[in-house]
Amino acid sequence: MSITNQYFMYHTLFELVKNEQYEMVHINIKRNEAWVQKKERGKTTVIRFLLKQFDWQNHVKKDIATVFKRITSMRRIFRTKKIDIYNVYIADKKPIDATDPLPTPIVTTQNQKIKMNVYYITDTNEFDEKRRFLHDVNTEPFQFDVNDFSLLQYKVRIYKMYLQRQIYEKNKEIRDVFTYGKPFLTYIFLLLNLCVFLFIENNGGSMNQDVLIKYGAKYNEAILEGEWWRLFTAAFIHIGFIHFFINMLALYYIGQFVERIYGSKSFFIIYFLALFLGNMASFVFTDAISAGASGGIFGLFGALLYFGTKYRELFIRTIGNQFMFLLIVNIILGIIVPQIDIGAHIGGLIGGFLAAMMATLPYKKSVRLQIVSFSLYVLIALCMYLIGMQILP
């Protein structure tokens, strides 16, 4: 492939990323393929470059179909209803059997919101096709200096390094977000819950209500008499092995994830404030004896929900769909299954969300949000206290 074609591709990519607010999505230097995107006004613009010589036009059409499938599978990442694709092929010459130009734009029959414009740039039509492409993406023509071939080779290497650096920085940001902390507190809480469960099993059994009350389960009459510490201790007591196993499995997976994102200090704040508000809600809305880590675990859900508001695109691209499905299923189960303490779940979810705002994400500190979230948390906890103590109706 000629150096001038390489120069056009990588120089154009460089200009789009550096000066036109496009974002690198993918680059494969060996294959000479690169993708960039820009989101604006409810529309995502995707530009894909491929520097390759196709021998037959049917191969080009197969590649176009592959691009459509890839865009469709990535649609949730783009987060916009309308997607315009500019598929740019750069080659030394046209396919052998090429007679008529490729139809453009192409619109999928399955989804009228995805439209593709195709450009096949060769030595014989480069002026017209390049001008058409730059016009269609609303970009001013770039200045290309193609006289000194050694200079072109040097610039192509510089552009490749720059574009690869953009991908590296993007991936590094993702790694930094998900590896900020180490989950040692999660393991400590798991061990603590296990020790408490074994202790209670060996001292009367975790299914015995009298034993549960004796060792700190949430028991409204005792709380009304001043035993407020039960709002914390209840979170480390479980009723039966199945209850213990399910909660510990959830804590193991979700706890690690949240502690890696927020760090151990913030994780501690989130977990305890969430379990406290969750048990307060249980105290207000049910008289039943209850126990378990569910309030704290739902607080971790709340922390992930807050993370999604601050890193929306990253959240959707990584855990968003699975997280929302899991959260909705758990809330529905809490509503339809009488044995589940839905008050603790909802209270923990709200408490975790507000606690995450108070603790803040790394590099996302906002004093104003911390003050607002602290005030809301105190107000909700105070209202629950007054209702629980029957001071408020």
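# Cores, rings and helix faces

Biologist: Which residues touch the most other members of the largest nonpolar core?
Modeller: Leu 251, Val 258, Tyr 262, Ile 270, Leu 300, Phe 301 and Phe 307, out of 54 residues in that core. The largest share, 10 residues, comes from H11. This is a predicted model: local features need pLDDT of at least 70, side-chain atom pairs count only at pLDDT 80 or more, and totals for chains, interfaces and linings use all residues. Residues are numbered from 1 along each chain as its sequence is written, and side-chain values use heavy atoms, without hydrogens or water.

Biologist: What makes a set of residues a nonpolar core?
Modeller: The members are buried Ala, Val, Leu, Ile, Met, Phe, Trp, Tyr or Cys residues, joined through side-chain atoms within 4.5 Å. A second, separate core holds 30 residues, including Ile 27, Ala 34, Tyr 119 and Ile 167.

Biologist: What does Ile 270 touch, apart from residues up to four places away in sequence?
Modeller: Tyr 262, Gly 299, Leu 300, Ala 303, Gly 352, Ala 355, Ala 356 and Ala 359. A contact here means heavy atoms within 4.5 Å.

Biologist: How many aromatic pairs does a search of the whole structure find?
Modeller: It finds 33. Rings of Phe, Tyr and Trp (its six-membered ring) pair if their centres lie within 6.5 Å; planes under 30 degrees apart are stacked, over 60 edge-to-face, the rest tilted.

Biologist: Why is the pair of Phe 49 and Phe 133 called edge-to-face?
Modeller: The centres are 5.7 Å apart, within the pairing limit, and the planes stand at 80°, over the edge-to-face cut-off, so the name fits. The partners are 84 residues apart, with Phe 49 in strand S3 and Phe 133 in helix H4 (residues 126-136).

Biologist: Are Phe 49 and Phe 133 buried or exposed?
Modeller: Buried means under 20% relative accessible area, exposed over 50%, and partly exposed in between (1.4 Å probe, protein chains only). Phe 49 has 0%, so it is buried. Phe 133 also has 0%, so it is buried.

Biologist: What makes Tyr 252 and Tyr 253 an edge-to-face pair?
Modeller: Their ring centres are 5.0 Å apart and their planes lie at 80°, so the pair qualifies. Tyr 252 has 34% relative accessibility and therefore counts as partly exposed. Tyr 253 has 54% and therefore counts as exposed.

Biologist: What makes Arg 70 count as lying over the face of Trp 35?
Modeller: A charge sits over a ring if NZ of Lys or CZ of Arg is within 6 Å of the ring centre and within 35 degrees of the ring normal. Arg 70 is at 4.6 Å from the ring centre of Trp 35. Lys 364 lies over the face of Tyr 311, at 4.7 Å. Tyr 311 also belongs to one aromatic cluster, with Phe 178, Phe 257, Phe 298, Phe 301, Phe 307, Phe 315 and Phe 323.

Biologist: How do you know that the span of helix H6 agrees with its number of residues?
Modeller: Helices (H or I, at least four residues) and strands (E, at least two) are DSSP runs, numbered from the N terminus. The expected span is 1.5 Å times one less than the number of residues. For the 18 residues of H6 (residues 184-201) that gives 26 Å, and the end C-alpha atoms are 26 Å apart, so the two agree.

Biologist: Which residues of H6 are buried?
Modeller: Leu 185, Thr 186, Phe 189, Leu 190, Asn 193, Phe 197 and Ile 200. They cover an arc of only 145° around the axis, so they are on the same side of H6. The arc is taken over the directions from the helix axis to the C-beta atoms. Their cover includes helix H7 (209-214), helix H10 (241-262) and helix H11 (264-285).

Biologist: Which residues of H4 are buried?
Modeller: Glu 129, Lys 130, Phe 133 and Leu 134. Their arc is only 125°, so they too are on the same side of the helix. The face turned away carries the exposed residues Phe 127, Arg 131 and His 135. Helix H1 (3-19), S3, strand S4 (82-90) and strand S6 (114-121) are among what covers the buried residues of H4.

Biologist: Why is Asp 55 called partly exposed?
Modeller: Its relative accessible area is 44%, between the two cut-offs, so the label holds. Asp 55 lies in the loop between strand S3 (43-51) and helix H2 (57-73). Leaving aside neighbours within four places in sequence, Asp 55 is in contact with Pro 95, Ile 96 and Asp 97.
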